[in-house]
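Thanks for passing this one along. Here are my notes on the pockets and the ligand site, in the order I went through them.

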Amino acid sequence: MKLIVAIVNNDDSAVVASALTREKFSVTKLSTTGGFLMVGNTTFLIGAEDKDVEHIKKIISDFSQTRKRVNTNTTASYGRGLANDVLPGDEVTVGGATVFVLSVDEMAKY
Ligand code: 2BA
């Protein structure tokens, strides 16, 4: 069994969640914040059988778009996670999705 941790742009999270649940995968959505841009994103936790991992990754990638984001932080953000070499107004490419696949020893529901 695997635990898939997928960080998805907030703009895509609703369609990603719908597509996963439509395929009968169980999903937990967490509201998270990227440490670099300090803007909200969504982290999905998905416990999955090994045989389903590629299918789940395909759904996430199909519904997550790469987009440009302008860094709207001010210099007041420095020291709160914002890298000093990317200035306010600079453009960075964000996502599609960042996906980690972890091995799970055990899953239980009580
Ligand atoms: P943020 O940390 O807010 O990063 C947003 C985007 O800013 C990143 O997009 C990347 O293009 C750029 N960026 C991040 N750190 C940078 C740095 N030190 N120098 C220059 N540019 C930088 P993505 O790579 O698509 O990441 C989107 C979000 O996924 C991240 O939001 C973070 O929440 C998460 N993420 C990405 N890689 C991660 C990792 N290795 N571990 C944990 N979370 C990660």
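1. Let me begin with the second largest pocket, where β3 supplies the largest share of the lining, with 3 residues. Please keep in mind throughout that this is a predicted model.

2. The full lining of this second largest pocket is Leu 3, Ser 26, Val 27, Thr 28, Leu 45, Ile 46, Gly 47, Met 107 and Lys 109. Sorted by class, that gives 5 nonpolar, 3 polar and 1 charged residues. Its volume comes to about 160 Å³.

3. Now to the largest pocket, which holds about 260 Å³ of space. There are 17 lining residues here, and those closest to the centre are Ile 7, Gly 34, Asn 41, Val 94 and Gly 95. Three elements each give two or more residues to this lining: β1 (2-9), β3 (40-48) and β5 (91-94).

4. What is the class make-up of the lining of the largest pocket? Polar residues number 9, nonpolar ones 7, and there is 1 charged residue.

5. On to the ligand, which you may want to have on screen for this point. Its surroundings consist of Ile 7, Gly 34, Gly 35, Phe 36, Leu 37, Asn 41, Val 92, Thr 93, Val 94, Gly 95, Thr 98 and Phe 100. It is worth reading this list against point 3: Ile 7, Gly 34, Asn 41, Val 94 and Gly 95, which are the residues closest to the centre of the largest pocket, also appear around the ligand.

6. Which backbone atoms lie by oxygen atoms of the ligand? For Leu 37, a backbone N or O atom sits 2.8 Å from a ligand oxygen. A polar backbone atom of Phe 36 is 2.9 Å from an oxygen atom of the ligand, and for Gly 35 the distance from a backbone N or O atom to a ligand oxygen is 3.3 Å. As for cover, the ligand taken alone exposes 750 Å², of which the protein buries 55%.

7. Looking at the shell by element, β5 and β6 (97-103) are the ones that give two or more residues to it. The largest share, 3 residues, comes from β5. That strand is also one of the elements giving two or more residues to the lining of the largest pocket.

8. A last point on chemistry: are the residues of the shell around the ligand charged, polar or nonpolar? The shell has 6 nonpolar and 6 polar residues, with no charged ones. The lining of the largest pocket, for its part, includes 1 charged residue.

Key. Residues numbered from 1 in each chain as written. Predicted model: local features only at pLDDT ≥ 70, side-chain atom pairs only at ≥ 80, totals over all residues. Heavy atoms only, no water. 1 Å grid on protein atoms, 1.4 Å probe; cavity = no way out; pocket = protein on both sides within 12 Å on 5 of 7 lines; lining within 4 Å. Points joined across faces, edges and corners; volume = space filled by probe spheres on them. Helix = DSSP H or I, 4+ residues; strand = E, 2+ residues; numbered from the N terminus. Nonpolar A, V, L, I, M, F, W, Y, C, P; charged D, E, K, R; others polar. Near = heavy atom within 4 Å. Polar contact = N/O pair within 3.5 Å; in protein donor to acceptor, adjacent residues only side chain to side chain. Areas by Shrake-Rupley, 256 points an atom, 1.4 Å probe, with all protein chains shown as cover.
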